[in-house]
Amino acid sequence: VLPFTSRSTDPENQLFADGIHDDLLTRLANVGALKVISRTSMMEYRDTTKNLRQVGQELGVGTVVEGAVQRVGNNVRITAQLIDASTDEHIWANSYDRQLSAVNLFAIQSDISEEITLALKATLTDEEQLRLEIIPTDSLAAYNLYTQGRDNLYKRRLDTMQKAREQFEEAIELDPDYADAYAGLAESVLLILNNHQAIPTEEAFAIAEASLDKALALNPDMAQAHASLGLLKHQIWQQTRSGPGLEEAAACFVTALDINPNNASAYMWFASTRGTQQRIDEAIDLYHESLRVDPLGKIPYANLPGLYAERGQNEEALDLYVKAIEIHPEWPTAYRNLAAHLQGLGRMDEAVAWGMKGRELSSDPLSGGSMAGAYIEFGNYDKVFGLFSDVTVGHPIYEYGLGMEKAMRGDFAGAAETVERAIDGEENPRQFQLSLITSFSMLAGDFEKARKYAELHDPEFVADADPEVDANNVSDLIRYAFILQNQGEDQRANKLLEMALVVVRTLPRIGLFGHGIRDVQVLALQGKTLAALAALRDAIDEGFRGTVSSNGWPLALDPYLSSLRGQPAFEAMVGELDDAVAEMQRRVVQAEQSGNWDELRALVESS
């Protein structure tokens, strides 16, 4: 369904035409017999000069809908035609002249959807017929706000998502029974939290849960509401990492896709859940299903490369990150993800070059995060502080930033206390908050406090039975074992280290999900010096250059490696790493002084 054109003289009416297009597309997508390309891909074809045969070939579709909207005073005219993409033959066409009202707009969309379905000889189930005839609101003002909110939500920038939230809230004020607006509000706050951490967790969850309850009470068959409920359940699980939340999320996505098999968001979020469950093959298949209905969608290009990186297919991941930038050159997330992957590959100078571009394109005060690891490896902490200078009082992570600043200045005890104060009174602190306090306390030598927060972070480690260990918690297990060692519980610590080593050896060493030198750390903690040194040699030869991307602290601070320090072979390899990092820092300084990052960026493109 190509973007509808506006035949009105007022340029603001293009947004009105976009809303008509979006609603019609959504209605057709609910017909299981049809494959319908999602809006995010279709908007790339606005004002296209490509002929319909090209469009059909690029998107893998046989038919194309074109339409136009003319709004004059209190009247609206909508025309639509269905065309065979391979022959340019008109299959069906019609025009609709009605008095402008929300009810009439939805009636026209229902008529168009039914006639297109009939023209394509697709079978409508009774449930699909009912969904086509739904009138979501009788308030034209609420409808206009909703369509503006959806348009802003699709842009996926922090400022536009915050504006979308406001527009959904205003639409609900005008029509308290507008189910779609409640679903949009839930989605907006969850994405503001998930993508930008720019809303307190409890606030986002409370708004999303109440909004989705209302949306599904008003319309139990809304696919997007079920998909957003799955996203909510996944995010709640991430706070505790326990319970059936992931399978509950999966069930919501299945329901959403049963209702609308063309729902790209449901495929994407379902893929994320399966990825978290380490069901990587299923996750990859789900992202490819998402691309089937949304070939130019942003999120698969953001997340699919990471799944290949989890498999250790780092070159495939790198190619996909570069492709994401080629397809969406104005999208900051694509640059940030490429930068993070390069950091994991030990290519820190290139990470800064690409991260810098992402920051230039973004309004998010956290957008410098993809470069922070490289500057920490360089020892340039003032540069790190500058990257986050726009994170000011009132931002949800401001207090944690103060803790990080104290840690970088060497005050680990003060850093732990700062984060502790920030979560005071929170019923369910987030996992990263508990992890920060654990690590800061451990680095300060306060193992009692470190143990307390480690066990809050991973309560399954406390049990007498052996915990389940996987890629998600193996680094936490090593940290916990180190804490136990320092509290005299060597037997339990050694058992946990053996379990961790088995998992670590199945993981990729470098890349976005590389473990770095976790095997070296475990072997060092076990007192196996020669094996640890051999593993470090292997790591350097594979491309390992620093521990910040995998541990959060630089190699010089790594408390797990104390037994290796002073060993000539270890010190020689550390010197080798220092030289490599210093050379990358030299290239970054040169680019900063000249303002020319092209040489560093070209290294990725040439590889």
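1. Two strands are said to pair if DSSP finds at least two bridges between them. In this predicted model, strand S2 (residues 63-72) is joined to strand S3 by 10 bridges, and the two run antiparallel. One of the bridges can be located in the sequence: Gln-70 has Arg-77, in S3, as its bridge partner.

2. The link between these two strands also deserves attention. S2 and S3 form a hairpin with 2 residues between the strands, and Gly-73 there adopts a positive phi near 60°.

3. Strand S3 (residues 75-84) is also joined to S4, in this case by 9 bridges, and these strands run antiparallel. Ile-78 has Tyr-96, in S4, as its bridge partner. S3 and S4 make a hairpin with 5 residues between them, in whose turn Asp-88 has a positive phi of about 65°.

4. The sheet may now be considered as a whole. It is open, with 4 strands in the order S1-S2-S3-S4, and its pairing is mixed. Which strands stand at the edges? They are strand S1 (5-6) and strand S4 (90-99); each has a single partner strand, so one side of each lacks a neighbour in the sheet.

5. The next topic is the nonpolar core. In soluble globular proteins, nonpolar side chains tend to be buried together. The largest nonpolar core in this model has 166 residues, and Phe-4, Ile-78 and Ile-112 are those with the most contacts inside it. The element that gives the most to this core is helix H8 (residues 179-196), with 11 residues.

6. A second core, separate from the largest, has 21 residues. Val-352, Tyr-375, Phe-378 and Trp-597 are among them.

7. Ile-112 may be examined individually. When its neighbours within four places in sequence are left aside, Ile-112 is in contact with Leu-24, Ile-78, Ala-80, Trp-92 and Tyr-96. Two of these names have appeared above, since Ile-78 and Tyr-96 are bridge partners.

8. How many residues of helix H18 (residues 369-378) are buried? The helix is mostly covered, with 9 of its 10 residues buried. The buried residues include Tyr-375 and Phe-378, both of which also belong to the second core. Glu-377 is likewise buried in H18.

9. The covering of H18 involves several other helices. Those that cover its buried residues include helix H16 (332-344), helix H17 (348-361), helix H19 (381-387), helix H20 (398-408), helix H28 (548-551) and helix H29 (568-594). After H18 comes Gly-379, which has a positive phi, near 80°.

Technical notes
Residues are numbered from 1 along each chain as its sequence is written. This is a predicted model: local features need pLDDT of at least 70, side-chain atom pairs count only at pLDDT 80 or more; totals for chains, interfaces and linings use all residues. Side-chain values use heavy atoms; hydrogens and water are left out. A nonpolar core is a set of buried Ala, Val, Leu, Ile, Met, Phe, Trp, Tyr and Cys residues joined through side-chain atoms within 4.5 Å. Buried means under 20% relative accessible area, exposed over 50%, partly exposed in between (1.4 Å probe, protein chains only). Contact means heavy atoms within 4.5 Å.
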